[in-house]
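Please look through the sequence and the structure shown below before reading on. The paragraphs after them go through a few places in turn, beginning with a single residue and moving on to helices, cysteines and loops.

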Amino acid sequence: MSVSGDQPQQQQTAPGATGDMEPQPQDRMEGYLGRGLLDGRAALITGGDSGIGRAVAIAFAKEGADVAVAYFDEHEDARTTADLVRAEGRRCLLLPGDLAEAAQCRDVVTDTLSAFGRLDILVNNVATQQPVDSPEELTDEQWLHTFAVNMHSYFRVTAAALPHLKEGSCIINSGSVNGLRGNKTLIDYSATKGAIIAWTRSMAQALTDRKIRVNCVAPGPVWTPLIPATFPPERVGSFGEQAPMERAAQPDELAPSYVFLASERLSSYYSGQVLAALGGETTPA
């Protein structure tokens, strides 16, 4: 694995594109061998066009699942993800649109059910961030938008999905190390990730009787298009070096955690848990 804090300084326009990143992220799960852990299942992944979402979509397909990918407008990235899923012999549904809008959150669930006839695995993964130099720089508009994408979409997509999730279904939420220990330049983002962790634990308790498991993956730095699209070039150039392993994670390193949590065979006794992949950092909670 690469990306060790010495990648070239670079910057993109949000939301970013995988093809413009240097080096290219490892997000195609090459060499990963599925074992049929998700045979016959249908998954919906928000923010599934690139980064962690892409790697998870491909891993799920390799394990036998059909995958719906909800994303904003990164059409080229989404088409690549769909091609990689279909190359594994699985169906892939692309669902572009703004998940900050309540109607879109409902629509992606409806469209997934129409295409696949079922929904077994929901991965709430979409996210936005915009660093600030001081608390005074954080506007009301930015605060509300960050919560609309990062937290409200999780609630809304899940609310739409719940009537259709049966015993043995699962929900996996993408958190962050910043939700565990905060970040002075990502104040609103950190607040949403902290909320996601608390919401994950609450929902796990609420859905235990229905035998629906709810868990969270909270990574440290990960090399995805979100990084050059939201950080200044000098910060991108040193991204990941703060981790004890002195590098950022690759999306391919995170996807197996989602497979683990999605598979009843592997994690049937796990609910309300947070898997923190922090590159050697002790969990700050």
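Helices (H or I, at least four residues) and strands (E, at least two) are DSSP runs, numbered from the N terminus. With that naming in hand, we can place D27, which lies in the segment before β1, the strand of residues 42–46. Please keep in mind throughout that this is a predicted model.

Is D27 buried or exposed? Its relative accessibility is 2%, and D27 therefore counts as buried, since buried means under 20% relative accessible area. Leaving aside residues up to four places away in sequence, D27 touches T18, G51, R54, A55, I58, P251 and D252. The chain also brings D27 and I52 together in space: these two residues are 25 residues apart along the chain, and their C-alpha atoms are separated by 7.1 Å.

We turn next to pairs of helices. Helix α3 covers residues 102–116 and helix α4 covers residues 140–161, and the two pack at an angle of about 40 degrees with their axes 8 Å apart. Because of this angle, α3 is described as oblique to α4, and the crossing in which α3 passes α4 is right-handed. On the α3 side the contact is made by A102, C105, R106, V108 and V109, while α4 contributes S153, R156, V157, A160 and A161. If we sort the residues of this contact of α3 with α4 by class, we find seven nonpolar, one polar and two charged.

Helix α4 also packs against helix α6, which covers residues 187–207, and here the angle is about 20 degrees and the axes are 9 Å apart. That angle is why α4 is called roughly parallel to α6, since angles under 35 degrees count as roughly parallel. The crossing of α4 and α6 is right-handed. Which residues of α4 and α6 meet? From α4 come Q142, W143, T146, F147, N150, M151, Y154, F155 and T158, and they meet D188, Y189, A191, T192, K193, A195, I196, W199 and M203 in α6. The contact of α4 with α6 divides by class into eleven nonpolar, five polar and two charged residues.

C105, one of the residues of α3 in the contact with α4, leads us to the cysteines. How many disulfides does a search of the whole structure find? The search finds zero, and the distances help to explain this, because a disulfide is a pair of cysteine sulfur atoms within 2.5 Å. For C105, the closest cysteine sulfur is that of C216, and the two sulfurs are 18 Å apart, which is too far for a bond. For C92, the closest cysteine sulfur belongs to C170 and lies 18 Å away, again too far for a bond. C105 is buried, with a relative accessible area of 0%, and C92, at 9% relative accessibility, also counts as buried.

Finally, we can look at two loops and the backbone within them. K211 sits in the loop between α6 and β6, the strand of residues 213–219, and K211 has a positive phi of about 60 degrees although it is not a glycine. With a relative accessible area of 48%, K211 is partly exposed. E246 is found in the loop between α8 (233–237) and α9 (251–262), and E246, which is not a glycine, has a positive phi of about 60 degrees. At 53% relative accessibility, E246 counts as exposed, because exposed means over 50%.

Technical notes. Residues are numbered from 1 along each chain as its sequence is written. This is a predicted model: local features need pLDDT of at least 70, side-chain atom pairs count only at pLDDT 80 or more; totals for chains, interfaces and linings use all residues. Side-chain values use heavy atoms; hydrogens and water are left out. Buried means under 20% relative accessible area, exposed over 50%, partly exposed in between (1.4 Å probe, protein chains only). Axes are lines fitted to C-alpha atoms, for helices over the stretch in contact, and angles run from 0 to 180 degrees between N-to-C directions. Angles under 35 degrees count as roughly parallel, over 145 as roughly antiparallel, 65 to 115 as roughly perpendicular and the rest as oblique. A crossing is left-handed if the near helix is turned anticlockwise from the far one by less than a right angle, and right-handed if clockwise. Contact means heavy atoms within 4.5 Å. Ala, Val, Leu, Ile, Met, Phe, Trp, Tyr, Cys and Pro count as nonpolar, Asp, Glu, Lys and Arg as charged, and the others, Gly among them, as polar.
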